[in-house]
Amino acid sequence: MQAFLAECAEKLLDAAHDETEQLSTAAVATIVALLLADDDATAANAAAAVGYLASGNPVNKDAIRTGGGIAPLIGLLQKGADAQAARNAAGALTSLAKLSPANKNAIRKAGAIEPLVALVGAGGQSEAARQAMATLTSLALNNPANQEAIREANGIVPLVRQLAEGSGSEAARFATAALSNLARSSAENKEAIAEAGAIPPLVQLLHGGATSKAAVAAATTLELLTSEAAAAAAVLAAATAPKAPSLTPFPKFVKCLRGVTAQQLQITAAADDAAALNLALEQATALQVDADCMEGVWARLATLCEAARAEKEE
């Protein structure tokens, strides 16, 4: 029986490359049986077939969901990062989730988030981790419930750890894409991403320039984070530090930072802290903010210096 199932899975995988194939109810039932097979190779081939059949095919996406195909895929995730079945299952879930709100919700409700987060923990050199990050990226896009679920499953910290792989790595590219989607429309996630220490490594990824997908996604994520006051200050500080990367390849991010800086200048202009005033001016100068925006700070700094001299003379 096991040999028969293995043969079926191989034939299914061969046929699955035809993405126009429409699945019947009986075909979905066969796929589910193969996903549940005891033989890892059989299950892995069936999961790979689901990935092909669901890719760009809304009818098949729905058929696999309604036919009970999501739960066994999630079961395969739990085989761990070294298992081909887990890697293929994560890829299949990515295909099922893409452009399908119903599948995104079904995948969350079936309990996929925690095992996906566990796979990310295997590290950037793991194919399973990269596949899991791609799945989380799809699940988080325009889905507040999934964004919240990923945060609550402690999924942000392992994603942040992958940023250290560098702007040329697939791991950082997948991690920044996931963090960007998690940050959209979620103040709680923005705060959690900042608290997880994401801002310095995100800024470092900008060294990759406009040709690096990780760098481009990092710039988008940083821009999203600036909508929260505390994170905005941290992003501004990191992006204008002496050894910060060039921001020229990211004009949209620069424009955002200039807006943040203008707000900071207005707030700082009323302060009595000369060091804070000087820092605000340094950041504004680094970003080439219009001189008119700095006039209030310059005036306030001059007033403080004059007062300090007068006090000293007394």
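Lys79 is partly exposed in this predicted model, with a relative accessible area of 39%. Its partner in a salt bridge is Asp40, and the closest N and O atoms of the two side chains are 3.0 Å apart. Asp40 likewise counts as partly exposed, at 41% relative accessibility. The pair links distant parts of the chain, since Asp40 belongs to helix H3 (residues 40-54) while Lys79 sits in the loop between helix H5 (70-77) and H6, 39 residues apart. Side chains of opposite charge can pair when their charged atoms come close.

The salt bridge between Asp40 and Lys79 belongs to a count that comes to 6 salt bridges. Another is formed by Asp62 and Arg65, whose closest N and O atoms are 2.9 Å apart. Here the two partners lie within one element, helix H4 (residues 58-66), and because they are 3 residues apart in that helix, they are separated by about one helical turn. Asp62 is partly exposed, with a relative accessible area of 35%, and Arg65 is also partly exposed, with a value of 25%.

A similar arrangement can be followed in helix H12, where Arg173 and Glu170 are 3 residues apart and therefore separated by about one helical turn. Their side chains meet in a salt bridge, with an N to O distance of 4.0 Å, a value that can be set against the cut-off of 4 Å used for such a bridge. Arg173 counts as partly exposed at 28% relative accessibility, and Glu170 is partly exposed as well, with a relative accessible area of 41%. What are Arg130, Glu170 and Arg173 linked in? The three residues are joined in a network of salt bridges, so that the pairing of Arg173 with Glu170 has to be read together with Arg130.

Another arginine, Arg87, offers a view of a different setting. Arg87 is found in helix H6 (residues 84-97), and is it buried or exposed? With a relative accessible area of 14%, Arg87 is buried, because buried means under 20%. A polar atom of the Arg87 side chain lies 3.3 Å from the backbone oxygen of Asp82. When residues up to four places away in sequence are not counted, Arg87 touches Ala81, Asp82, Glu127, Ala128 and Gln131. Asp82 thus appears both in this list of contacts and as the residue whose backbone oxygen lies 3.3 Å from a polar atom of the Arg87 side chain.

The last stop on this route is the backbone itself, at two loop residues. Most residues other than glycine have a negative phi. Asn154, however, has a phi near 60°, a positive value in a residue other than glycine, and it lies in the loop between helix H10 (144-152) and helix H11 (156-161). At 60% relative accessibility, Asn154 counts as exposed. Ser185 also has a positive phi, near 60°, and is again a residue other than glycine. Where is Ser185 found? Ser185 is placed in the loop between helix H12 (170-183) and helix H13 (187-195), and with a relative accessible area of 75% it is exposed. The helix that precedes Ser185, H12, is the one in which Arg173 and Glu170 are separated by about one helical turn.

Definitions and conventions:
Residues are numbered from 1 along each chain as its sequence is written. This is a predicted model: local features need pLDDT of at least 70, side-chain atom pairs count only at pLDDT 80 or more; totals for chains, interfaces and linings use all residues. Side-chain values use heavy atoms; hydrogens and water are left out. Buried means under 20% relative accessible area, exposed over 50%, partly exposed in between (1.4 Å probe, protein chains only). A polar contact is a pair of N or O atoms within 3.5 Å; within protein, one must be able to donate a hydrogen and the other to accept it, and residues adjacent in sequence count only if both atoms are side-chain atoms. Contact means heavy atoms within 4.5 Å. Helices (H or I, at least four residues) and strands (E, at least two) are DSSP runs, numbered from the N terminus.
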